[in-house]
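Let's take a walk through a protein model together. Have the sequence and the 3D view open, and we'll stop at a few spots along the way.

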Amino acid sequence: MVGSGVEVNATMSSNGSLAIGKSMERLRVANGESFDPMAVVTEPVPPVADSNGHDAEKGREIVLGKNVHTTCLEVTEPDADDESTGDKEAYMASVLARYRKTLVERTKYHLGYPYNLDFDYGALAQLQHFSINNLGDPFIESNYGVHSRQFEVGVLDWFARLWEIEKNDYWGYITNCGTEGNLHGILVGREVFPDGILYASKESHYSVFKAARMYRMECVKVATLVTGEIDCTDFKRKLLPNKDKPAIINVNIGTTVKGAVDDLDLVIQTLEECGYSHDRFYIHCDGALFGLMMPFVKKAPKVSFKKPIGSVSVSGHKFVGCPMPCGVQLTRLQHINALSSNVEYLASRDATIMGSRNGHAPIFLWYTLNRKGYKGFQKEVQKCLRNAHYLKDRLREAGISAMLNELSSTVVFERPRDEEFVRRWQLACEGNMAHVVVMPSVTVEKLDFFLNEIIQGRSIWYKDGNVHPPCLAADIGSNNCSCALHK
Ligand SMILES: Cc1ncc(COP(=O)(O)O)c(C=O)c1O
């Protein structure tokens, strides 16, 4: 695979001549490999490890508490004459060229993670030469002038319109990722209610439970329905004995594994029925996955600051399609005073989790929001939902257990038996389940390609009848299960 530096030992120099460097030659000799300057990475998929973490071919071990360095690209000291020979430059160019090929290949086979890989930000390449940093608060300039706050606030205003809050009533910022949005939203909740208890469904993203650990908050896990949605009957059961303490609730606008959307209105109603007035609870909406899709889905519960919610976050590299991890977090301005303090050094307010903040991300978001607009996103959402239905229907037709939640583009299905297949298609798995998150970059052709491979694979995996496809009734309901017992 490309990660092993030993494969990378030659390249074309900028004037077109082939340069074979000393360091590269050393690597080649050390590994007894025949030298092929034009080699491409034919099989960039990492080797398969068995369930104990052992690499089937090379004995690779995955051991918690022990770092594995076998696939790293070593950083080497330049040789004294590197500048004159150009060896090092050539070596590095070669590494990057081969890495690029791997990225192209891995992008082609990507289905399992909710990332939209379909974009063209060529127009922004000119900005790579700048160290753009929005350190501190988006609404208060620091003394550092190379920033992109004007783009950041434009993007925040766009989301404020989407989630129905007036410009003067919200505060927010562009985060590093959905996780940071959750960490921030829950932190604001904790600052508003220092003795509040955090409630989150057990299918919430692990960052929610990480927040509880980081802030040393009491955290109550709530059961879920088979769809993955929060079970409000259990929520009520868990709320009632704790009525003396305020509630901080994480509501999922798309769970990680099943893409389930918690019923925000029912959560609010449950709180009210349990006697919680609006000044006794704080709701953070984790919209990392579908925060930008939901507003365009007919019949979907509306995420809106007109409802008694405290904050909403979304990832920018998922549905939106930013090439670097980022996210958006919005909360009510009134809450932010509880969190912030003045930092003289920055001449700013300190309400963000991070200090330095990626100033490129807001420009990428601004660019794509401008290009697509509400209409563009609406079209993409419709396409994703259509394609997700197509995938689910074809899986079921082929006798494969599969489920698709009504408001979701995450198709959950039987975990493929072959781990090599799982790796190749980069499927995220949990127990007997795998899923494909249908994003705008997932076309019907790609799905057909995948479907043909999985159907063909199953005809081999289950050929002799000794092993059977797993039962998924407990995970996705017996009506969606096609195992021998439930089909
Ligand atoms: C529901 C949910 N929340 C939060 C996150 C974290 O988002 P990020 O990967 O942007 O940190 C994810 C990631 O998949 C998610 O599915």
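First, a bit of vocabulary: a residue is called buried if 20 or more other C-beta atoms lie within 10 Å of its own, exposed if 12 or fewer do, and partly exposed in between. Keep in mind, too, that this is a predicted model.

Now try that rule on Glu-164, which sits in the loop between helix 4 (149–162) and strand 3 (170–175). Glu-164 has 14 C-beta neighbours inside 10 Å, so it counts as partly exposed. Its backbone is worth a look as well: phi of Glu-164 is near 60°, a positive value in a residue other than glycine. Most residues other than glycine have a negative phi.

Further along the chain, Gln-426 also has a positive phi, near 50°. You'll find Gln-426 in the loop between helix 11 (419–424) and strand 14 (428–430). With 16 C-beta neighbours inside 10 Å, Gln-426 is partly exposed.

Next up is helix 5 (residues 178–192). At 1.5 Å a residue, its 15 residues should span 21 Å, and the end C-alpha atoms are indeed 21 Å apart, so the two agree. Is helix 5 out in the open or enclosed? Of its 15 residues, 14 are buried, so helix 5 is largely enclosed by the rest of the structure.

Helix 5 also leads us to the ligand: it gives the most to the surrounding shell, with 3 residues. There are 16 residues around the ligand, and those that come nearest are Cys-177, Gly-178, Thr-179, His-205 and Ala-288. Sorted by class, the shell has 11 polar, 4 nonpolar and 1 charged residues.

Definitions and conventions: Residues are numbered from 1 along each chain as its sequence is written. This is a predicted model: local features need pLDDT of at least 70, side-chain atom pairs count only at pLDDT 80 or more; totals for chains, interfaces and linings use all residues. Helices (H or I, at least four residues) and strands (E, at least two) are DSSP runs, numbered from the N terminus. The expected span of a helix is 1.5 Å times one less than its number of residues. A residue is near a molecule or strand if its C-beta atom, placed from the backbone, lies within 6 Å of it. Ala, Val, Leu, Ile, Met, Phe, Trp, Tyr, Cys and Pro count as nonpolar, Asp, Glu, Lys and Arg as charged, and the others, Gly among them, as polar.
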